[in-house]
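New to this one? Let's walk through it together, a question at a time.

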Amino acid sequence: MTDPLPLSGRQPRAVRSALAVLEEVVAAGPGITAKEISAALRLPQATTYRLLNLLVDEEYLVRLPDLRGFALGRRAARLALPLTPVPSTAARAVVAHLRGMVRWGVHLASFATGHVELVDTDPDHPPAEPALIARYPHASALGKLLLAEQPQWRAVVRDLRRFTEHTVDAAELDRQLAGIAEVELARQCGELRADRGCLAVPVRSPDGTTLVAGLALAGPPNRVAEPNEELVALLREHATRLAPLLA
Amino acid sequence: MRYGPLAALRHRSPVHGLDRRNLGPAEVIAQSVSCAAPAAGMATVPAIVATSAGSATVWSFVLATVLAVLVAACIGSFTRRMAAAGSLYSLTSKGLPPGAAFASCAAIVAGYLVLVMAALTGASIYFDALMARFGWAAPPAVGAAAALALAAVAGALVLRGVRLSARTVLAVEAVSIALMLVIFAVLLATATPAPPGGAAEPGLAGVAAGVLPALGAFIGFEAATTLGVEARRPFSSVPRAVLGTAAVVGLLSIVAAVTQVRGFDGGLGGQPEPVVTLAAAHGTSWLAVLLDAGITTSFVACTLATTNALVRVLFSMGRDKIVPRALGRTHARYRTPHIAIAVALPVAAAVPAALLGAGTPGQDVLRILLTIATAGFLVGYLLVCLAAPLFLRRIGELTPGPVIITAVTVPALAATCIAFLLSALDGPVPVVLAGLLAAVLGWYVWLRLRHPDRLAAIGVYDETSAADVHPARVP
């Protein structure tokens with residue numbers, strides 16, 4: 001009934017046991033109970049419960065709503081490098097077709113890993129800050145598409161870092177995400193770098209439910225801020241063509 | 001698409017709307033410590049305990065500390081596994097049937113509500129006492145106005161977000177405990193043990209009788225359980241805060257008891273202002289000013305922390321739909337239960353303001369309110385301790401430890417409850433308690449008849465939602 005033992009580097013058995021518990025949850029699938037884990041690993045019950053509570057506290061595991069069963073938590077995803085899906089030749093051909101029609105940078109990002117992964121970037125207009133786009137979704141049009149899909153964007157965004165004077169704050173992001181969910185178009189005007197802007201539309205699975213990717217046009221911020229109706233129509237048309245190739 | 005156990009996950013937590021996972025451990029523990037208001041307890045409770053325990057007062061505090069730590073362990077069985085905003089009733093509902101959870105709910109709401117009233121009263125009368133030391137004797141209306149003003153400030157802070165209110169609580173409580181430590185260090189350093197008097201040994205019965213008032217110094221120590229949703233790491237910070245508060249309050253109370261028992265040598269019982277008398281006896285009467293300042297700040301922090309706790313319990317009840325659902329709404333920007341604040345605080349402020357304004361002696365008001373609050377908390381503690389092993393058995397994680405703890409704690413708490421009933425037989429307390437009991441029973445019967453489904457589903461908590469699990473898709 002005391003606090004979980006503090007783990008130090010001198011307790012290799014505890015670390016080994018904790019990893020074994022994690023593996024057991026993965027192997028058995030969601031819903032496995034503490035007692036089952038204890039039996040499968042032949043760990044003493046009290047030890048198992050303490051390790052489970054520790055792993056839940058660290059968010060590597062979660063307790064399911066019945067409070068008995070366990071499943072992998074969101075944080076466990078950080079233990080493995082996410083596999084970035086390579087788009088098929090057919091999909092790349094659709095993106096290349098769009099590049100031939102506009103004078104903007106055309107980028108395709110996958111959301112399959114839960115992050116913004118640029119999977120096909122424009123070789124003639126390379127994206128300005130590819131590393132930042134994945135880490136700070138609030139500052140890019142593609143990232144906002146992903147955030148608009150989350151039940152609670154605060155669970156995903158740890159740091160609303162300000163890059164320029166146009167970078168959004170929490171209240172503005174709330175407002176924009178509501179709009180994005182409605183019109184299925186995200187916009188970013190000089191929010192990551194003052195001289196760049198972006199328009200992005202979602203690519204959804206053909207049944208229209210799951211968000212799988214985003215297709216973006218990058219250009220000067222003043223051009224992005226315009227209505228761009230023809231351009232957006234073109235973008236949406238290509239996103240629709242991409243849907244069956246990516247989902 | 002998700003299959004199996006993950007298919008049933010909610011899209012968002014049933015307690016959405018609060019500022020989820022945003023409070024550090026210091027702010028969580030400040031909530032519990034402030035609710036228990038150790039500084040105010042250190043100055044007043046030992047003299048009350050001494051009326052039954054005499055020179056064995058310290059032992060009563062030791063026993064009460066052990067009991068509080070065991071209750072904290074029972075609460076920990078829950079809070080290491082679930083995060084809730086509804087304090088003990090959310091926890092109790094996972095181990096006991098809905099009727100018992102409802103009883104816990106009513107007891108804990110009454111406990112927090114009356115504790116807010118008591119804290120407002122305490123802050124007001126000790127502020128008056130502080131002013132009186134500077135030669136300004138305030139009329140009763142000023143006390144009432146002070147209580148109303150403090151309630152307004154508390155409401156604004158609690159509304160403006162849990163971080164702001166939790167940090168204010170932390171700062172104010174740190175000041176009050178620091179003041180108390182200075183006072184008791186000076187008293188211990190300057191005090192020479194009084195010549196042995198003829199104090200009779202009170203015996204075991206006296207020690208046991210002293211446990212009930214000593215436990216009064218702890219009530220509110222479970223308040224961190226209302227921050228389960230908002231704590232950054234609830235499964236470690238909440239149980240640590242509750243256990244740590246039981247230990248810290250116990251330690252401070254024991255220091256206070258040792259100092260005062262030594263200073264009076266058997267004559268402590270019934271002293272109206274023991275610390276002030278001690279200070280005057282040792283030529284350090286300036287301590288009285290520090291003392292009144294420390295007690296006032298302690299009650300101010302207690303007001304804030306208890307309001308935080310009260311509105312979150314009301315919020316949970318709103319989400320459980322056992323009170324009007326509007327109480328479960330949260331402010332879009334501040335992410336606090338603003339309707340619950342608007343409903344609860346005027347009630348909590350009106351009672352002490354009316355009583356003080358009518359000229360009722362402040363100390364009597366404070367004592368009666370604290371007695372009523374204690375009744376609520378005792379019921380809450382008893383039920384949560386009973387629920388702990390049943391909860392663990394239900395989820396298949398029962399070990400011998402919690403069973404032994406409950407086997408010790410429940411009889412001890414039950415005995416304390418009986419002692420409480422016997423001690424509270426005269427005065428207005430039984431009338432108020434009977435009235436509350438009748439109201440709760442009526443409310444229960446109404447729910448049973450009209451909304452049995454809501455009653456059966458009582459106990460909303462921050463359950464795992466789809467966003468919390470590993471995003472991998474099952475093929």
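**A first look around**

The domain assignment splits chain A into domain 1 (12-79) and domain 2 (89-246). Keep in mind that this is a predicted model.

Q: How far apart do the C-alpha centres of domain 1 and domain 2 of chain A lie?
A: Start with the bounds: domain 1 of chain A covers 12-79 and domain 2 covers 89-246. Take the C-alpha centre of each, and the distance between the two comes out at 37 Å.

Q: Which strands of chain A are at the edges of the three-stranded open sheet?
A: This sheet has the order β1-β3-β2 in chain A, with antiparallel pairing. An edge strand here pairs on one side only, and that description fits β1 (32-33) and β2 (61-63) of chain A.

Q: Which residue of β3(A) stands opposite T33(A)?
A: β1(A) and β3 (residues 69-72) of chain A are antiparallel partners, joined over two bridges. Look across from T33(A) into β3(A), and you land on G69(A).

Q: What angle does helix α3 of chain A make with β2(A)?
A: Two helices are worth finding around this sheet. Helix α1 (residues 12-28) of chain A packs on it, touching β1, β2 and β3 of chain A, and its direction makes about 95° with that of β3(A). Helix α3 (residues 45-57) of chain A lies across β2 and β3 of chain A, and its angle to β2(A) is about 105°.

Q: Why is one side of β5 and of β6 of chain A left without a neighbour in the sheet?
A: Chain A also has an open sheet of five strands, ordered β5-β4-β8-β7-β6 and paired antiparallel. On average, neighbouring strands in this sheet are turned by 30° against each other, direction ignored. β5 (117-120) and β6 (186-189) of chain A have one side free because they stand at the edges, each with a single partner strand.

Q: How many bridges join β7 to β8 in chain A?
A: For a spot to look at, try P202(A), which stands opposite G214(A) in β8(A). The strands involved are β7 (residues 197-204) and β8 (residues 211-219) of chain A; they run antiparallel, and the number of bridges joining them is eight.

Q: Which strands of chain A does helix α9 lie across?
A: Helix α9 of chain A takes in residues 229-246 and runs at about 40° to β7(A). The strands it lies across in chain A are β4 (105-110), β7 and β8.

Q: What is the volume of the largest cavity?
A: There are four cavities of 30 Å³ or more. The largest cavity is lined by 15 residues, with A128(A), I133(A), Q188(A), C198(A) and A218(A) nearest its centre. Both α6 (141-148) and β7 of chain A supply at least two residues of that lining. The space inside is about 160 Å³.

Q: Into how many nonpolar, polar and charged residues does the lining of the largest cavity divide?
A: The lining holds 15 residues. Sorted by type, they come to nine nonpolar, four polar and two charged.

Q: Which helix gives the largest share of the lining of the second largest pocket?
A: This pocket holds about 1300 Å³ of space, and among its 49 lining residues the closest to the centre are I48(B), L366(B), R367(B), L370(B) and T371(B). By type, the lining divides into 32 nonpolar, twelve polar and five charged residues. Several helices of chain B supply at least two residues each, including α1 (25-36), α2 (38-53) and α13 (362-394). The largest share, nine residues, comes from α2(B).

Notes: Residues are numbered from 1 along each chain as its sequence is written. Chains are lettered from A and ligands numbered from 1 in the order in which they are written. This is a predicted model: local features need pLDDT of at least 70, side-chain atom pairs count only at pLDDT 80 or more; totals for chains, interfaces and linings use all residues. Side-chain values use heavy atoms; hydrogens and water are left out. Two strands pair if DSSP finds at least two bridges between them. Helices (H or I, at least four residues) and strands (E, at least two) are DSSP runs, numbered from the N terminus. Contact means heavy atoms within 4.5 Å. Axes are lines fitted to C-alpha atoms, for helices over the stretch in contact, and angles run from 0 to 180 degrees between N-to-C directions. On a 1 Å grid over the protein atoms alone, a cavity is a set of points where a 1.4 Å probe fits but cannot get out, and a pocket is an open set with protein on both sides within 12 Å along at least five of seven lines; lining residues have an atom within 4 Å of a point. Grid points are joined across faces, edges and corners, and a volume is the space filled by probe spheres set on the points. Ala, Val, Leu, Ile, Met, Phe, Trp, Tyr, Cys and Pro count as nonpolar, Asp, Glu, Lys and Arg as charged, and the others, Gly among them, as polar. Domain bounds come from an automatic or database domain assignment.
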